[in-house]
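Biologist: Please show me how to read the features of a model one at a time, with the general idea before the case.

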Amino acid sequence: MTPSSSPTAEGVLPGHDDAGGHDGHHHHPNYLVDGTTVKSWLLTIDHKRIGLMFLASVLFFFLIGGVFALAVRVELLTPGPTVMDAMTYNRAFTLHGLIMIFLFMIPAIPAAFGNFMLPLMLGAKDVAFPRLNLASFYIYVTGALLMIWGMLNGGLDTGWTFYTPYSTHTTTTVAPVLFGAFVIGFSSIATGLNFIVTVHTMRAPGITWFKLPLFVWAIYATSCIQVLATPVIGLLTLLVVGENLFSFGLFDPARGGDPVLFQHLFWFYSHPAVYIMVLPAFGVMSEVVAAFSRKNIFGYRAVAYSSLGIAFVGFFAWGHHMFVSGQSTFDAGIFGVLTMLVGVFTAIKVFNWVGTVYKGAVDFRTPFAYFCGFLFFTVFGGMTGIAVGTVSLDMPWHDTYFVVAHFHFIMVGATLMAFLAAFHYWFPKMFGRMYHEGWGLVSAALIILGFNATFIPQFLLGNYGMPRRYYEYPARFQALNVASTAGATLLAFGFVIVAIYLTYALFYGRASGKNPWRSKGYEWLSESPPPTHNFVGPQPTFPEEPHYYVAPKKDEVKDV
Amino acid sequence: MSDIANKILFLPERASTFAERVDVLHYFVVGTTMVMSAGVGLAALFFFFRFRRRVPNQTTEYVVPDLKTEFLFVSVPLVFFLVWFAIGFRDFTWVTTPPKDAMDVYVMGKQWMWKFAYPEGPNGVNVLHVPANRPVRLLITSRDVLHSFYVPAFRIKMDALPGRYTQVWFEATKPGTYQVLCTEYCGLSHSKMLAEVVVLAPEDFEEWLKEQQRGRLQGRQDALADTSLVPPVARMAEQGEKLTATQGCLKCHTVDGAPHVGPTFLGMYDRQEKLADGQTIRVDEAYITQSMMDPGAHLVVGYQNVMPTYQGKLQGPETAAIVEYIKTLRTANVREVSSEGPAYDPIQ
């Protein structure tokens, strides 16, 4: 693995097919070296540095969440106790779920890559409220520390769903963890608000709504959900804390409360939260598939509108988590139909991505490999979502491993593929260096294979009837559990390789040049890595739509 | 054919009428999912090879879909999904609407065991006996936190909620022993909250009933275990009759049809009641239980909201007993009709 062993030569070329008139001189320091003290990083208001700090944080939490995932899988190798006792197991899966959802998946793409790319894609110098952006990072860190402190002191065992009345009766410490989630909510709202205002007010001349990169559309739709839905979980966590500490009696039937009320409020946030996780992933993939197929997005408007469609309908489908909770059959019907609509919007995206490859010029690089994995996880995860949204089928599947496999496929599979694709696609943009393409492809293959090997057995386990959150299980479920754990090991191995070659590339990777992919995404119009205020010289203009790879006019160089 | 499909999909054996309905749709949905995934995958794969990049700076045609293509993208999945929904919803309605002649069993979840009670006699813990080829309605509640009653072989599942009754029904198609699992996380020993349904051939079930009556079960662990109950009595209805007196229900409700502060219990069960808000509601187990716990929730027209809540004052089995008592007041000669459920003497 040497810095110069990348199979392509085009990346080192200083030339790029950037027809714009941007200043390419290097006397403006890039954002990475503009101030090198610890203070200049911790107190920065540069969206790129804040994005990187978010990236480092979410990667750290991904590591912790992943270690606990492995612990859970190892425990499930045998039907009885394997390496831990029941209480430790219950805390382990709770920790895994909480960290992965609240500390990794929700902030991963919007707060890290969204923060970094959004202003670049809009031709803006920064986000609308740079100080709020920094505050949002510290609010996130505060909430995360509170959560983890709570989990280490007292150890929550409710699962990440905190269902009452268990969460108000359990002897473990619920209050600090829920309060941590409450605090993190503010970070989510602040970031969302910041992005919405940025998209509305800071688009460079020429960027009309229908010339916005699709990643921006996706982040915009996500931000709308964050701003509208997060207050509900914020209030709910406070109510549960109140119930737990001061016996409010809102959810406890022994005090006249309603335990199902909690589920309604919880899923009113947590169902849209699924789209907070997966919509940015869809946005990343729209960019990646266009860049590596060198094609305009097939059905740009359909893809943009379907993001808004998912964001809208996503608010009205929460009841499909509660088909067997005692809600009325009529309610189940309403929520069932609305769930189907989410599937239709997702299908539009899938078809248009495949359509984008049609008549394209495909360069099969690491980000594109992740796009292939993503396509499979989204179709299979989405279709199994329709399957569990089919009310009669949900009756046997609800709360079994089928659901576990389904949501890992769509939420984790799709989001993780997009996270890794974004990391590889934008790595040269962010750090100005290239990683080793061969290792990139090998680890992508390992991760996609490992992911399938982990979760396809879990679909079958669900069919077979194994409920989720089981510390012990009847012996007939063992073979599939062993297969799943083996897959998880492969998956972890893939991540280790990625961590190694990307860390290596960060320090020793060869210079990537401004636009190694020759992408026509707007973000590549600035330097790589970008200077502190993104663009040097006069404000850039964007006359073409993003990813416009049509044959150049006569005055442009054609290197065929 | 379907046995092979069940093996491939790891589906447990099919032992109820609902399982047969669900599995057909299951094959259809899973099959379409496979075909769709393969279709999208193969199309993408073909495009990756057919349209691979030949020169570094290749340009492409500007391709946009026409309206017909976009319409196809929307309508094909929509039609498929709505058909699945329609079939699924029909089956779901079917399984949440028990037949009138169903035999009743009360199910109570408690950390970490399942208790079963027949209206006409004592109860059992973790073993539920039912006859084959006869609809059985489960009336499910919880003593503490949420649980969920799940029988994979029957493909049925329903949450158990404290202070409330939910219901689901099944008709077992063949004798055997089937596992019951709890699928709603309920604490430390969630995964040990297992039980079994023993389905007996109708004649064996009759035999089992007689055995019960001879009191052979004395001392068995699945005998009445809930010692917190008021001294156990033979029939839930009789217990309920005593409870209505001791809890003060009869101060406001009559059992002879005469109007009083509250509606009379006579003929109340299964009646359509007009509510103060204009709706009508059928008086069933869930409604009666709710009226005890939250009397103002659905007020019958013409009555004041003056009843105190019995939340916390009545245990799950006690509300069930009162419901059973009210059921006996359905018609004048209800006691002469042969019982739907097992009838046997208390094990005491």
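Biologist: Which residue is the bridge partner of B:Tyr106 in β2(B)?

Modeller: The general idea is that a strand is a DSSP run of E of at least two residues, a helix is a run of H or I of at least four, and both are numbered from the N terminus; two strands pair if DSSP finds at least two bridges between them. Here, B:Tyr106 has B:Ala117 in β2(B) as its bridge partner. Strand β1 (residues 103-110) of chain B runs antiparallel to β2(B), and five bridges join them. With two residues between them, β1(B) and β2(B) form a hairpin.

Before we go on, this is a predicted model, in which local features need pLDDT of at least 70 and side-chain atom pairs count only at pLDDT 80 or more, while totals for chains, interfaces and linings use all residues. Residues are numbered from 1 along each chain as its sequence is written, chains are lettered from A and ligands numbered from 1 in the order in which they are written, and side-chain values use heavy atoms, with hydrogens and water left out.

Biologist: What stands opposite B:Ala117 in β3(B)?

Modeller: B:Ala117 stands opposite B:Asn123 in β3(B). β2(B) is joined by three bridges to strand β3 (residues 123-125) of chain B, and the two run antiparallel.

Biologist: Why is strand β2 of chain B described as largely enclosed?

Modeller: In general, a residue is buried when its relative accessible area is under 20%, exposed when it is over 50%, and partly exposed in between, with a 1.4 Å probe and protein chains only. In β2 (residues 113-117) of chain B four of the five residues are buried, so the strand is largely enclosed by the rest of the structure. In chain A, A:Phe368 belongs to helix α11, and A:Phe368 is buried because its relative accessible area is 0%. The C-alpha atoms of A:Phe368 and A:Tyr425 are separated by 8.9 Å, although the two residues are 57 residues apart along the chain. B:Asn305, by contrast, sits in the loop between α6 (285-293) and α7 (316-328) of chain B, and its relative accessibility of 49% makes it partly exposed.

Biologist: What is the order of the strands in the open sheet of five strands?

Modeller: In chain B the order is β4-β10-β9-β6-β7, with mixed pairing. β4 (127-131) and β7 (156-160) of chain B are at the edges and have a single partner strand each, so one side of each is left without a neighbour in the sheet. Following the sheet from one edge, β4(B) and β10(B) pair in the parallel sense over five bridges, with B:Val127 opposite B:Glu196 in β10(B). Strand β9 (residues 176-182) of chain B pairs with β10(B) in the antiparallel sense, also over five bridges. At the other edge, strand β6 (residues 147-151) of chain B and β7(B) are antiparallel, paired over five bridges, and B:Val151 has B:Ile156 in β7(B) as its bridge partner. Strand β10 (residues 195-200) of chain B is mostly covered, since five of its six residues are buried.

Biologist: How many cavities are there, and what is the volume of the largest?

Modeller: A cavity is a set of points, on a 1 Å grid over the protein atoms alone, where a 1.4 Å probe fits but cannot get out, and its lining residues have an atom within 4 Å of a point. Grid points are joined across faces, edges and corners, and a volume is the space filled by probe spheres set on the points. By this rule there are eleven cavities of 30 Å³ or more, and the largest has a volume of about 880 Å³. It is lined by 49 residues, of which A:Gly381, A:Gly385, A:Val388, A:His406 and A:Ile410 are the closest to its centre. α11(A) gives the most to this lining, with nine residues.

Biologist: How many residues of this lining are nonpolar, polar and charged?

Modeller: Ala, Val, Leu, Ile, Met, Phe, Trp, Tyr, Cys and Pro count as nonpolar, Asp, Glu, Lys and Arg as charged, and the others, Gly among them, as polar. The lining of the largest cavity has 28 nonpolar, 16 polar and five charged residues.

Biologist: Which residues of chain B does UniProt list for "transmembrane region"?

Modeller: UniProt positions are given in the numbering used here, feature names are shortened, and annotations may be inferred rather than shown by experiment. The unreviewed UniProt entry lists residues 24-49 and 70-89 of chain B. In the model, residues 24-49 of chain B are 100% helix and 0% strand, with end C-alpha atoms 38 Å apart.

Key: 1 Å grid on protein atoms, 1.4 Å probe; cavity = no way out; pocket = protein on both sides within 12 Å on 5 of 7 lines; lining within 4 Å.
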